[in-house]
Amino acid sequence: MKWTFSLSKFKGRRLTQFQAEEMVSDYINGQLDPERKAAFEKAVIEFPRLRDLIESYRQGQVYAQKLAMIRPSEELKKSILRPETVIDQALERVNFSKWPKSLRMSLEILSVAAVIATVSVLIPWEQLTSLKFGRSGDIVLAEISRQFDIPQEQGLPALSASPEEDSFPDESENEELSPTTSVQVAATAITTTTLVPLNRPVQAVAAIKPAPVLASTTTQVERRLGSLFRGAIHVINARAASQKITQRLSELGGRKAGEVEMGWEREKDLFYYHFTIPEDKYDQLSSLFSEFGSLRLSKERHERVMPEGIIRLIIVVEDKSRGRQ
Amino acid sequence: MQDKDIERIALFFFLLTLDQNVAAQLSSQVVDILLRRSKGQLKELNERELVRLLISFFLKNKKTLQQVRSEIMPHFKDWSAPDKFNINIYREFSKRTDIEILVPFLLCAVLQFSDESVSQELNITKGTLASRLQKAYLKIGDLSRPERTSLSGVNS
């Protein structure tokens with residue numbers, strides 16, 4: 001750095017060691033004006049450390065020159081110049097950058113189109129479109145983690161219902177067998193129910209064993225069974241009683257569990273109740289029916305699992321006169 | 001970009017890191033940028049442009065570079081040095097010197113970029129640059145003085 005301005009006050013003034021030390025590089029590089037140079041040289045005589053610094057600075061310059069002479073090998077230079085990716089290397093090999101611009105553009109567009117076409121062919125669109133993202137077509141009545149450990153060799157649960165109670169095909173059976181209204185939790189029963197004719201008595205259902213292949217499939221699926229109460233009651237004037245029963249059941253929190261309303265007249269003077277009710281209303285339910293007659297209820301295991309605290313019942317209210325006919 | 005420019009880039013990162021692998025990677029990135037800018041042509045580079053790029057890379061990788069420098073152990077096999085050159089002096093200097101002094105020293109004293117370009121790109125005054133350079137020269141000179149140095153490994 002060249003000192004270009006005049007420092008009249010400097011003339012004749014002594015440099016301190018600190019000032020002189022700051023001037024070492026300018027002195028060596030010949031950037032001091034004559035007055036400062038003379039003052040610096042006087043300071044060098046006065047402060048021996050300055051000579052030391054001048055020597056160090058010169059040695060530093062020599063070493064810096066040597067550092068500047070360090071050269072990378074040709075191999076290293078090539079590796080630095082070499083494009084990083086395989087594609088870049090290939091493009092360099094064919095001198096892609098020197099091709100006509102229109103040709104390069106066309107090739108790039110073609111490559112992009114090819115990639116898009118490949119991806120669109122490889123994507124399993126059918127599987128993607130079949131995904132309903134939570135909008136399942138199945139009606140999920142209940143999902144519950146409660147499960148019963150049924151020994152595998154036991155097969156279907158033993159049914160305690162008397163033949164006359166199940167000798168008619170009730171609508172709940174139809175509902176459970178219908179594929180269009182399948183219940184999610186009932187999926188484990190498919191192997192047996194699909195083999196059973198709709199109007200077959202329940203006892204016969206229990207006797208039919210699933211085919212081995214299907215059975216093995218069934219055992220792979222976690223078996224979760226619920227329960228169903230079945231019963232029948234013979235009353236005088238079933239029509240009038242049915243109306244009252246329907247009303248009282250609604251008051252108790254009963255809700256239809258199948259497709260038909262509670263108290264559906266299945267046949268003349270025969271009313272059908274397929275409903276759910278809170279478990280804690282069971283006693284009130286019993287007392288309700290006891291007002292009209294003797295209700296016989298039996299509990300059986302069933303594929304349909306109800307939420308905790310809810311029971312499902314199928315009760316047939318039949319006019320006593322039907323029995324005499 | 002000329003051969004000399006590639007050598008300068010490589011030397012800057014090598015002396016900054018003393019690790020030829022890291023230096024080669026960083027140099028390759030800088031060269032790649034320069035080639036892209038010049039559309040693959042090896043044309044002559046503007047000094048300011050190169051200094052700016054080196055400094056921006058240095059600032060971008062400052063943390064990593066400082067970590068690399070803390071474990072300095074020069075690998076020197078892909079480099080040729082003048083006779084009786086002792087890399088250990090520079091290694092010691094590099095360990096003892098703040099990176100704010102080392103970078104101007106490398107750019108001005110070793111790579112011979114002009115003081116003006118370096119001071120402007122480092123955003124420091126010429127006086128500050130001169131002061132830092134003097135400190136660097138004195139330190140490395142002090143280490144390399146024959147009567148003082150006990151560092152072995154000449155011409156390693």
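Entry 1, extent of the interface. I took contact to mean heavy atoms within 4.5 Å, and I applied this to a predicted model. By that criterion I found that 30 residues of chain A are in contact with 41 residues of chain B. I then looked up the area buried between the two chains, which comes to about 3,200 Å², with carbon and sulfur atoms giving 65% of it. On the side of chain B, I noted that B:Gln134, B:Tyr137 and B:Arg145 lose the most area to chain A, and that together they make up 18% of what that side buries.

Entry 2, polar and charged links. I counted ten residue pairs in polar contact between chain B and chain A, both residues being at pLDDT 80 or more. Which elements of chain B each supply at least two residues of the side that touches chain A? I listed α1 (3-17), α2 (20-37), β1 (79-80), α5 (87-96), α6 (99-110) and α8 (126-144), and the largest share, ten residues, comes from α8(B). Sorting that side of chain B by class, I obtained 24 nonpolar, nine polar and eight charged residues.

Entry 3, salt bridges. I found three salt bridges between chain B and chain A. One that I followed up joins B:Glu7 to A:Arg71, where the closest N and O atoms are 3.1 Å apart.

Entry 4, strands across the interface. I returned to A:Arg71 and saw that its bridge partner in β1(B) is B:Ser80. Strand β1 of chain A, residues 71-72, pairs with β1(B) in the antiparallel sense, and I recorded two bridges for this pairing.

Methods
Residues numbered from 1 in each chain as written. Chains lettered and ligands numbered in written order. Predicted model: local features only at pLDDT ≥ 70, side-chain atom pairs only at ≥ 80, totals over all residues. Heavy atoms only, no water. Buried area = accessible area lost by both parts, 1.4 Å probe. Salt bridge = Lys/Arg side-chain N within 4 Å of Asp/Glu carboxyl O. Polar contact = N/O pair within 3.5 Å; in protein donor to acceptor, adjacent residues only side chain to side chain. Helix = DSSP H or I, 4+ residues; strand = E, 2+ residues; numbered from the N terminus. Nonpolar A, V, L, I, M, F, W, Y, C, P; charged D, E, K, R; others polar. Pairing = 2+ DSSP bridges.
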